[in-house]
Amino acid sequence: MCRHLAHLGAPVRLGDLIDAPHGLVSQGRAPREMVVAKDNPDGWGIAWWSGSDPAPHRYRTTVTAWEDTTFAHCDATATAVLAAVRKASPSTTLREVNNAPFVAETRIGPIAFSLNGFAFRDGSEHRLRALVRPQIAIDGDTDSEVLFALLRQAIDDGTELPAALAAVHLIAAPAPDAYVNLLAVTAHQIAATTWNHTLYVRETDAGTDVASEPLDADPGWNRVPDAQLVAATDTNVTLVPLEGFR
C-alpha cells in the first residue's frame, strides 16, 4: 500500500513533511498501520504550491524516498502540498510517469491527486478505463491515473471537488473488501476518502494536515472513521459518510 499526505494553510517547509519523525520517508520505509506490504519501495513524489504562482511545482522519481539524494527543495515552503510514496499495484510498471502526485489543469484550476490502495481488482480495469472519455489523457498504466482521469472528467462536467472525489471513490471501490483511499489537493482545498485504510487529520493554527499515518506524536491527530469523505480548507474540516453519495 502507498502512503500519502497533504497540507493546506500557512507556509510549511517541505522537509518538515518529508523528514518528520514519522513523515513520508519513515512511512515509506516502515509503515505502522494497515501493513499489507512491509514498505513502499517504488518511488515517491510531491506537488506543492508556493507564492503567487497558481500552478504547482512537482517532483517525481522511482528512487525510494529514503534513498533519494536528488530532491533539492527540502527548504522550500508551500501553502498547499500533496506528497506520496509508492507501492506499485500489480501489473503496473516502475516508471516515473506512474508515480503520484498526478497533476492536471481542470475547470477549478490545477489539481494534484494520489491513490492509497488498488482499484484494478476482480477484472475492474476494463470497466474503469471504459468510463474515461477519449479526450482525457492517460500517460501511464496505473489504476491511480485512471481514477484521476475520472475525477477530472467529473469536475469538468460541473461537479465540485469533494462530491466528484466521492463519486469516483464509489465507482472504484464497490466491494466491501476493497482498499481505496483517495486524496486530491488544490491551492485552496483538500478532499480525501477512507475505505478500509487509515487516514488522520490535524487542525492547527498553521492550517490543516491530512496523512495516512500521523507524522509525529502530536495528540492533535484524529483518525478519520472508515467510509468517509473529508472536505477541508485551511480553517475547516468536514466529514461526510460516503454512503450519502450513492
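## A pair within helix α3

Glutamate 125 and arginine 129 both sit in helix α3, 4 residues apart, about one turn of the helix. The two form a salt bridge, with the closest N and O atoms 2.9 Å apart. The model is predicted, and every distance here is computed from it.

Both partners fall in the middle class of accessibility. Glutamate 125 has a relative accessibility of 32%, so it counts as partly exposed. Arginine 129, at 30%, also counts as partly exposed. The lower bound of that class is 20% and the upper bound 50%.

## Salt bridges across the chain

The structure holds 11 salt bridges. Side chains of opposite charge can pair when their charged atoms come close.

One of the 11 joins the side chains of arginine 95 and aspartate 141, at 4.0 Å from N to O. This pair links distant parts of the chain, 46 residues apart. Arginine 95 is in the loop between β4 (77-85) and β5 (102-106), while aspartate 141 is in the loop between α3 and α4. Arginine 95 has 37% relative accessibility and therefore counts as partly exposed.

## The arginine 202 network

Arginine 202 forms a salt bridge with aspartate 216, the closest N and O atoms being 3.2 Å apart. Arginine 202 belongs to strand β9 (residues 200-204), and aspartate 216 to the loop between β10 (207-211) and β11 (222-223), so the bridge ties together parts that are 14 residues apart in sequence.

The two partners fall into separate accessibility classes. Aspartate 216 is partly exposed, with a relative accessible area of 28%. Arginine 202 is buried, with a relative accessible area of 11%. Salt bridges with shared partners join Arg202, Asp209, Asp216 and Asp218 into one network.

## Helix α5: span and burial

Helix α5 covers residues 161-172. At 1.5 Å a residue, its 12 residues should span 16 Å. The end C-alpha atoms are 16 Å apart, which agrees with that expectation.

Of the 12 residues of α5, 9 are buried, so the helix is largely enclosed by the rest of the structure. The buried residues are Leu161, Pro162, Ala164, Leu165, Ala166, Val168, His169, Leu170 and Ala172.

What covers them? Both helices and strands appear in the cover of α5's buried residues. The helices include α3 (124-130) and α4 (143-156). The strands include β6 (109-118), β7 (179-185), β8 (190-193) and β12 (228-232). Helix α3, part of this cover, is also the helix that holds glutamate 125 and arginine 129.

Notes: Residues are numbered from 1 along each chain as its sequence is written. This is a predicted model: local features need pLDDT of at least 70, side-chain atom pairs count only at pLDDT 80 or more; totals for chains, interfaces and linings use all residues. Side-chain values use heavy atoms; hydrogens and water are left out. Helices (H or I, at least four residues) and strands (E, at least two) are DSSP runs, numbered from the N terminus. The expected span of a helix is 1.5 Å times one less than its number of residues. Buried means under 20% relative accessible area, exposed over 50%, partly exposed in between (1.4 Å probe, protein chains only). Contact means heavy atoms within 4.5 Å.
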